[in-house]
Amino acid sequence: MSKSSLFYLTLILLYLLPTLTISTPHRRHHHHDGPKSMHLTLYQHDTINKTDFIIVPGVIGASLTNLTAPFGTIVVVKDNLTTTPNPSSKVVGNIEGLGITSSFDGLDELSVGRITLELENGLKGSVSVVGVINALEPSDYPVVGGTKDFLFVQGYVSLSPVSFKAEGASAVYRHDYHLFWPSYATKALSMLATNGSSKHE
């Protein structure tokens, strides 16, 4: 390589170096934009005729128990969510929704729900879910939306039975939350937080 070529190459590198140095930090500055994912376990406490009411009786199939209902039964629920299976443990939210018995054995239910949360880490808002759950087996609720801190959230909630009591017709279900925020969601939440704080100044 001639001295003139080396000179021009050096000039080009000196010209590009500031650009390369400045652009690098922008690829990793999103750590303050909020959570990228969250895994959480809560417990739902359901009691027939207390937090779980039949509004339309079913027409055929299984008999009504704390596990099964006739095909076509429509129920509405508003159950507390706690941090442990003990109903006396801390309440951090609730689930309210509508369920329709969708199998003739009475175990499957097509459900739509809104899960409202106020967590110890400061996150508040709701998560909307829809799916078919089984009274005896683990089931996954796809997440279809959210509000406040859960705006644009994606993922699913795994629902599994923990215990049933024939006396009092009550049941406890475990919720395992597998949530994540895509990059555009964390940016949007950061902008909303900035705009909200500026309004209060």
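**Entry 1: the count.** I went looking for salt bridges and found that the structure holds four of them. Note to self: this is a predicted model. I wrote up three of the pairs below.

**Entry 2: Arg-114 and Glu-96.** I started with Arg-114, which forms a salt bridge with Glu-96, and the closest N and O atoms there are 2.4 Å apart. Then I checked where the two partners sit in the chain: this pair links distant parts, with Arg-114 in strand S5 (residues 108–118) and Glu-96 in strand S4 (residues 91–101), 18 residues apart. Are these two buried or exposed? Neither, quite: Arg-114 counts as partly exposed because its relative accessibility is 41%, and Glu-96 also gets the label partly exposed, at 23%.

**Entry 3: Lys-124 and Glu-118.** Next I looked up Lys-124. Its side chain meets that of Glu-118 in a salt bridge, 3.7 Å from N to O. That fits the cut-off, so I kept the pair: the nitrogen has to lie within 4 Å of a carboxyl oxygen. I also looked up the accessibility of Lys-124, which is 43%, so Lys-124 counts as partly exposed.

**Entry 4: Asp-176 and Arg-174.** Last pair for today. The side chains of Asp-176 and Arg-174 meet in a salt bridge, and I noted 2.9 Å from N to O. Which label does Asp-176 get, buried or exposed? Asp-176 counts as buried, because its relative accessibility is 16% and the cut-off for buried is under 20%. Its partner Arg-174 has 32% relative accessibility, so I put Arg-174 down as partly exposed.

Note on methods. Residues are numbered from 1 along each chain as its sequence is written. This is a predicted model: local features need pLDDT of at least 70, side-chain atom pairs count only at pLDDT 80 or more; totals for chains, interfaces and linings use all residues. Side-chain values use heavy atoms; hydrogens and water are left out. Helices (H or I, at least four residues) and strands (E, at least two) are DSSP runs, numbered from the N terminus. Buried means under 20% relative accessible area, exposed over 50%, partly exposed in between (1.4 Å probe, protein chains only).
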